[in-house]
Amino acid sequence: MTAATLVFLGTVRTGSATRAATGTGGDTTALAVRDGRVLALGDEARALARTADEVVDIGEGLLMAAFGDGHAHPLFGGLESFGPQIKELDSVDAIVTEVGRWAERHPEAQWIVGASYDPALAPDGEFDARWLDAAVPDRPVVLRAHDYHTVWCNTEALRRAGVTEATPEPRLGWIVRRADGSPLGTLREWHACDLVLDQVPGRGEDELVEAISRAGHAYARAGITWVQDAWVEPEMADAYLAAARRGSLPLRVDLAQRADPDRWRGQLGPFAATRARVAADGGELLTARTVKFFSDGVVEGGTAAMLAPYLDAPHSCGMPVWEPSALAEAVRAFDADGFQTHIHAIGDAGVRAALDAIESATVTNPAWDRRPVITHVQVVDPTDLPRFAGLGVIANFEPLWAQPDPLQTELSIPRIGAARAELQYPMGELARDGVRLSFGSDWPVSSHAPLEGIQVAVTRRTFTGEPADGWLPHQRLTVDQALTAATTGVAHQAGADDRLTLVPGAPADLVLLSADPRAADPMEIRHARVLGTWLGGRATHRE
């Protein structure tokens with residue numbers, strides 16, 4: 001047999017279904033790599049260790065297929081490192097102090113732009129412009145909440161955008177106002193946020209490429225080799241192409257171009273042109289085969305589309321981004337052009353509209369391997385659960401969210417009530433129905449580290465252990481199910497059937513963990529270290 005360039009000795013999880021019932025994930029004892037692909041497994045691979053260029057002792061750890069991220073925003077994540085570092089701060093005062101400190105260090109910045117603050121730090125998630133004015137009164141400040149559906153800005157930003165008490169409510173969005181009608185400083189959803197965001201100077205290509213590179217290296221350190229960028233505008237596609245040309249992409253990325261409900265018909269041609277341009281110039285790491293739709297907003301902001309009104313706003317069932325019939329028409333059109341459908345759906349009405357749209361495309365258009373995705377899948381009416389399997393929908397979960405953290409206890413559950421709260425993130429039920437699950441992070445909305453989400457999927461507990469029996473414990477996954485969702489499930493979503501399992505001939509996209517999550521205390525899974533990540537047999541991270 002041809003000599004191997006790299007041999008791993010120890011426990012290897014191949015992801016094969018042949019031993020799924022035992023929870024082993026098709027384990028073997030060695031794996032050999034040559035020319036970027038798996039060359040051999042088991043005893044055959046062990047025999048190649050004598051002549052290999054490098055031998056890696058797995059020790060007590062685990063080698064497995066690299067993780068994927070089925071829903072994220074890498075460019076946004078990279079850009080966050082350019083502004084005030086507010087993500088982990090736990091009070092309004094701490095955020096304001098950091099913004100003031102950053103502004104003082106960067107007098108050249110015309111606008112101070114940052115993310116991602118925790119919306120649970122203020123009552124009802126409503127933040128006052130005057131709090132930021134105390135630190136920066138003379139330059140506009142724009143901060144995005146970590147859900148990226150809400151903006152907090154100072155008075156100068158509102159002034160530059162012309163947002164006053166006389167500004168009418170936009171069609172898609174809310175201007176949170178004081179009692180006298182003046183804008184408070186919190187803007188919710190697309191058109192309201194864009195009143196200010198459209199005034200922010202754009203970033204140059206070099207900055208965008210640097211953001212992509214930073215994001216890619218963060219992903220490599222987390223053991224990830226493929227990401228679905230789930231919100232791509234035209235200038236972002238250009239930046240990704242530039243990154244590919246410069247060799248600044250340390251991972252595989254698929255671009256999901258965002259369909260706009262007000263102008264989607266005019267996007268059909270440009271989206272197809274971008275897909276063709278990326279196929280021609282993006283190299284082997286970059287594709288653009290997906291279209292992203294936002295069915296609704298978010299529960300914590302009161303904008304997720306619900307079948308019944310919110311408890312704290314009996315006049316409101318949220319804010320659908322599309323009328324259901326329009327969403328179905330647009331999904332049919334892009335599906336007919338061979339684009340994969342990727343729909344953000346949070347509320348039970350949003351999920352139903354997404355399922356209806358996919359069903360419409362399935363019934364109307366010719367059959368093809370469409371692999372439609374509904375992402376987030378937060379609140380699902382029980383009558384809609386069987387439709388996922390029937391329509392072949394991939395349920396993309398952000399598993400880190402399936403815990404009773406302050407976002408749940410202080411904002412979401414009070415808004416939807418206990419009965420609907422118990423319908424959230426039905427991973428276990430959909431898995432039992434045979435639905436394909438994939439995992440994502442929605443980074444930078446939440447941590448991009450897969451092992452953190454896997455731990456929550458398995459325990460349904462916070463990192464401090466609450467509740468002891470798990471939150472909605474019937475929705476827990478086994479460790480092997482969670483690992484599969486983060487690897488094979490994402491590969492299936494990506495259309496990468498050659499990366500479903502580690503078998504001879506498969507691309508050597510690998511991650512080496514310091515401990516086997518299947519043998520760990522479930523509350524310790526996230527503490528396993530990523531010792532190495534390989535993309536097509538090439539190391540992109542080594543501890």
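Biologist: Which residue meets the side chain of Glu-359 in a salt bridge?

Modeller: Happy to help: this is a predicted model, where local features need pLDDT of at least 70, side-chain atom pairs count only at pLDDT 80 or more, and totals for chains, interfaces and linings use all residues. Residues are numbered from 1 along each chain as its sequence is written, and side-chain values use heavy atoms, leaving out hydrogens and water. A salt bridge here is a side-chain nitrogen of Lys or Arg within 4 Å of a carboxyl oxygen of Asp or Glu. At 2.8 Å, N to O, the partner of Glu-359 is Arg-387.

Biologist: Which helix holds Arg-387?

Modeller: Helices (H or I, at least four residues) and strands (E, at least two) are DSSP runs, numbered from the N terminus. Glu-359 sits in helix H11 (residues 348–364), so its pairing ties together parts 28 residues apart in sequence, with Arg-387 in helix H12 (residues 385–391).

Biologist: Is Asp-509, the salt-bridge partner of Arg-252, buried or exposed?

Modeller: Good one! Buried means under 20% relative accessible area, exposed over 50%, and partly exposed in between (1.4 Å probe, protein chains only). Arg-252 has 13% relative accessibility and counts as buried. Asp-509 has 4%, so Asp-509 also counts as buried.

Biologist: And Arg-265, which forms a salt bridge with Glu-329: buried or exposed?

Modeller: The closest N and O atoms of that pair are 2.9 Å apart. Glu-329, at 30% relative accessibility, counts as partly exposed. Arg-265 has 53%, so Arg-265 counts as exposed.
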